[in-house]
Amino acid sequence: MDIIVREATAEDAPLIAELTRKAWAGKVSVTSSGHRETAVYVADHLRDGGGFILLDGETPIGSVRWLPLDAEPDVWEILRMGVVAGYRGTNISQHLLEAVIHHALAAGIEELRLAVRSDQPKLIDFYTAYEFTLAEELEYSHANPLEPAPLVMRRHLRH
């Protein structure tokens, strides 16, 4: 594998929408809005926050996005991190997570947050390895009201 992470541009919105739907297929509950991801929605996220695309050589295999919180612009929420089937189970998503962490540090961001779906508790250990901790007092701002509330995790970047 020739793993490359590159920052997403506005032109990548259709690709990221497709990658999200592919990453969610057969992996995330069908009720998740990620299955209905659109380029318009992704373009909004890229404009207001940002994203990265994970490639194996020239082949796009995953993506991640982030958005600053409206009330707390020094806090970014990590959204829609996913890797397509065939690359799962190799911890390859760590490249996406590390890219967001490094980008946030360079931007002087105070805190990163993310949500773990209640049906994917094994992800808690993955994020804990990157210094994220459970923050039960926090609510996820992008939670789907039709599903059980996700667990919110946070990582402080400035001490």
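Student: Which residues touch the most other members of the largest nonpolar core?

Tutor: In this predicted model, they are Ile78, Leu97, Leu112, Tyr127 and Phe132, out of the 38 residues in that core. At least two residues each come from α1 (13-24), α2 (39-48), β2 (50-56), β3 (59-68), β4 (75-83), α3 (94-106), β5 (111-116) and α4 (122-128). The element that gives the most is α3, with six residues.

Student: What is leucine 112 in contact with, leaving aside its neighbours within four places in sequence?

Tutor: Leucine 112 is in contact with Trp76, Ile78, Val100, Ile101, Ala104, Phe132, Met153, Arg154, Arg155 and Leu157. There is also a second, separate core, which has six residues. Leu67, Leu138, Tyr140 and Val152 are among them.

Student: That fits a wider pattern, I think. What do nonpolar side chains tend to do in soluble globular proteins?

Tutor: They tend to be buried together.

Student: How do you know that the chain is as compact as a globular protein of that length?

Tutor: Set the value against the rule. The globule rule gives 15 Å for 159 residues, and the radius of gyration of the chain is 15 Å, so the chain is as compact as a globular protein of that length. Its C-alpha trace spans about 40 × 35 × 30 Å along the principal axes. Buried residues account for 47% of the 159 residues. Of the contacts between residues at least 6 apart in sequence, 64% join residues at least 24 apart.

Student: Which elements make up the chain, from the N terminus on?

Tutor: The order is β-α-α-β-β-β-α-β-α-β-β, with four helices and seven strands in the chain.

Student: Let's turn to α1. How does its reach from first C-alpha to last sit with the span expected at 1.5 Å a residue?

Tutor: The twelve residues of α1 reach 16 Å, close to the expected 16 Å. Just after α1, glycine 26 takes a positive phi of about 70°.

Student: What puts the buried residues on the same side of α1?

Tutor: First, the residues themselves: Ala13, Ile16, Ala17, Leu19, Thr20, Ala23 and Trp24 are buried in α1. They cover an arc of only 165° around the axis, so they sit on the same side of α1. An α-helix has 3.6 residues a turn, so residues three or four places apart point the same way. The cover over the buried residues of α1 includes α2, β2, β3 and β4.

Student: Why is alanine 13 called buried?

Tutor: The cut-off for buried is under 20% relative accessible area. Alanine 13 has 3%, so it counts as buried. Its contacts, leaving aside neighbours within four places in sequence, are Ala39, Val42, Ala43 and Leu46. Alanine 13 and valine 40 are 27 residues apart in sequence, with 7.2 Å between their C-alpha atoms in space.

Student: Is aspartate 12 buried or exposed?

Tutor: Aspartate 12 is buried, because its relative accessible area of 7% falls under 20%. This residue lies in the loop between β1 (3-7) and α1. Not counting residues up to four places away in sequence, aspartate 12 touches Arg6, Glu7 and Ile53.

Student: What about α3: which of its residues are buried?

Tutor: Leu96, Leu97, Ala99, Val100, Ile101 and Ala104 are buried in α3. This helix has 13 residues and reaches 18 Å, close to the 18 Å expected at 1.5 Å a residue. Glycine 108, just after α3, takes a positive phi of about 75°.

Student: Now the aromatic rings. Why is the pair of phenylalanine 126 and tyrosine 127 called edge-to-face?

Tutor: Ring centres must lie within 6.5 Å, and planes over 60 degrees apart count as edge-to-face. Here the centres are 5.2 Å apart and the planes are at 65°, so the pair is edge-to-face.

Student: What makes the pair of phenylalanine 126 and tyrosine 130 tilted?

Tutor: Their planes are at 55°, which is neither under 30 nor over 60 degrees, so the pair counts as tilted. The centre to centre distance is 5.5 Å.

Student: How do you know that tyrosine 130 is buried?

Tutor: Its relative accessibility is 16%, so tyrosine 130 meets the cut-off of under 20%. Phenylalanine 126 is buried at 14%, and tyrosine 127 is buried at 8%. Phe126, Tyr127, Tyr130 and Phe132 form one aromatic cluster.

Methods:
Residues are numbered from 1 along each chain as its sequence is written. This is a predicted model: local features need pLDDT of at least 70, side-chain atom pairs count only at pLDDT 80 or more; totals for chains, interfaces and linings use all residues. Side-chain values use heavy atoms; hydrogens and water are left out. A nonpolar core is a set of buried Ala, Val, Leu, Ile, Met, Phe, Trp, Tyr and Cys residues joined through side-chain atoms within 4.5 Å. Buried means under 20% relative accessible area, exposed over 50%, partly exposed in between (1.4 Å probe, protein chains only). Contact means heavy atoms within 4.5 Å. The expected span of a helix is 1.5 Å times one less than its number of residues. The arc is that of the directions from the helix axis to the C-beta atoms. Rings of Phe, Tyr and Trp (its six-membered ring) pair if their centres lie within 6.5 Å; planes under 30 degrees apart count as stacked, over 60 as edge-to-face and the rest as tilted. The radius of gyration is taken over C-alpha atoms; the globule rule is 2.2 Å times the number of residues to the power 0.38.
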